[in-house]
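Here is a short tour of one model, written for someone who likes to see the cut-offs beside the claims. Have the viewer open as you read.

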Amino acid sequence: MRKIPPSDKGQQFKDCVLWEDCMLMLRSEPVFLVTNDRAFYKNRETKQGLAEELQQELSDSSNEFRIFSSLHDLLAEIRTDISVPPESLIKAYFAAHGDELKSLAERTSFVLAGEPTANIDFFATEKPSHLYVTFSIELPCSDATSEGRTGAKIVAEGEATFDSEIRTFLNLSTRDEKLLYENPDGTETAIYKISIGIGRAVIGHRTVEHSVRYKL
């Protein structure tokens, strides 16, 4: 207890034990230490990195040691970016619900036309290879009549699971589909097809449930 990091002030025994554990593990594997205990940092400032005295003790280690002041900083450092083209979601959604989308348009004399677009949000789950997904897809439509209706589009909102290992969307579920368009007099019309839910169950659809959701 020489009153130097990590035992310069209170909690001397606890901090020394933690550091000795780190040194022990470093003999066989890399160590990432997450702590906001300022005793481990140079001049007790987390932004200045590990205290110089502790850096000296690491000089003979063949394994990597890194220190983070928060779990968020660690996750930001080790995260793996996920690139999922919106087109892949649109293709999967059409395969599962294409007939329903066409039916929604045709019932009011519209036809699907133009390139659809999608907005997707990804959430980490308790299974590293599975991402929980919420999405909104917009599908442009054109008026099949001479009534002069414009700006027509179907907006489909739902959720799914994305398996990053096989690069596939699973359990695609629709929460809300609506057809929007503007009448010649400038008024807007919205026709909804809503999934009715009771508790966790969604009538006619499969519900995707995860106990952990951390937005990426």
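Is N171 buried, exposed or partly exposed? With a relative accessible area of 30%, N171 is partly exposed; the classes are buried (under 20% relative accessible area), exposed (over 50%) and partly exposed (in between), using a 1.4 Å probe and protein chains only.

## Ground rules

This is a predicted model, in which local features need pLDDT of at least 70 and side-chain atom pairs count only at pLDDT 80 or more, while totals for chains, interfaces and linings use all residues. Residues are numbered from 1 along each chain as its sequence is written, and side-chain values use heavy atoms, with hydrogens and water left out.

## Two positive phi angles

N171 sits in strand β7, and its phi is near 55°, a positive value in a residue other than glycine. Helices (H or I, at least four residues) and strands (E, at least two) are DSSP runs, numbered from the N terminus. As background, most residues other than glycine have a negative phi.

S109 also has a positive phi, near 65°, and is not a glycine. Its place is the loop between α4 and β3 (110-112), where S109 is partly exposed at a relative accessible area of 33%.

## The nonpolar cores

A nonpolar core here is a set of buried Ala, Val, Leu, Ile, Met, Phe, Trp, Tyr and Cys residues joined through side-chain atoms within 4.5 Å. The largest one has 26 residues, and L89, F135, I137, I154 and F169 touch the most other members. At least two residues of this core come from each of α4 (86-106), β4 (117-124), β5 (130-143), β6 (150-163) and β7 (168-182). Apart from it lies another core of 14 residues, including W19, C22, L33 and L50.

For a closer look, try I154: beyond residues up to four places away in sequence, its contacts (heavy atoms within 4.5 Å) include L101, L104, I137, C141 and L179. L179 belongs to strand β7 and is buried, with a relative accessible area of 0%. Leaving aside neighbours within four places in sequence, L179 is in contact with I154, and also with F110, K153 and T189, among others. The C-alpha atoms of L179 and K193 are 8.5 Å apart, with their positions 14 residues apart along the chain.

## A nonpolar patch on the surface

F32, V34, L71, L75 and I78 make a nonpolar surface patch of about 410 Å². Patch members have over 30% relative accessible area and no salt bridge, with like charges joined within 9 Å and nonpolar side chains (Val, Leu, Ile, Met, Phe, Trp, Tyr) within 5 Å. A salt bridge is a side-chain nitrogen of Lys or Arg within 4 Å of a carboxyl oxygen of Asp or Glu. Accessible areas come from the Shrake-Rupley method with a 1.4 Å probe, and for residues only the protein chains shown count as cover.

Both β1 (31-34) and α3 (71-78) supply at least two residues of the patch, and the largest share, three residues, comes from α3. V34, in strand β1, counts as partly exposed at 35% relative accessibility.

## Two loop residues

N63 lies in the loop between α2 (52-57) and β2 (65-68) and is partly exposed at 22% relative accessible area. Its C-alpha atom is 6.0 Å from that of E29, 34 residues apart along the chain. A polar atom of the N63 side chain lies 2.6 Å from the backbone oxygen of L26.

S129, in the loop between β4 and β5, is buried, with a relative accessible area of 10%. Not counting neighbours within four places in sequence, S129 is in contact with F162, D163, S164 and E165.

Key. Polar contact = N/O pair within 3.5 Å; in protein donor to acceptor, adjacent residues only side chain to side chain.
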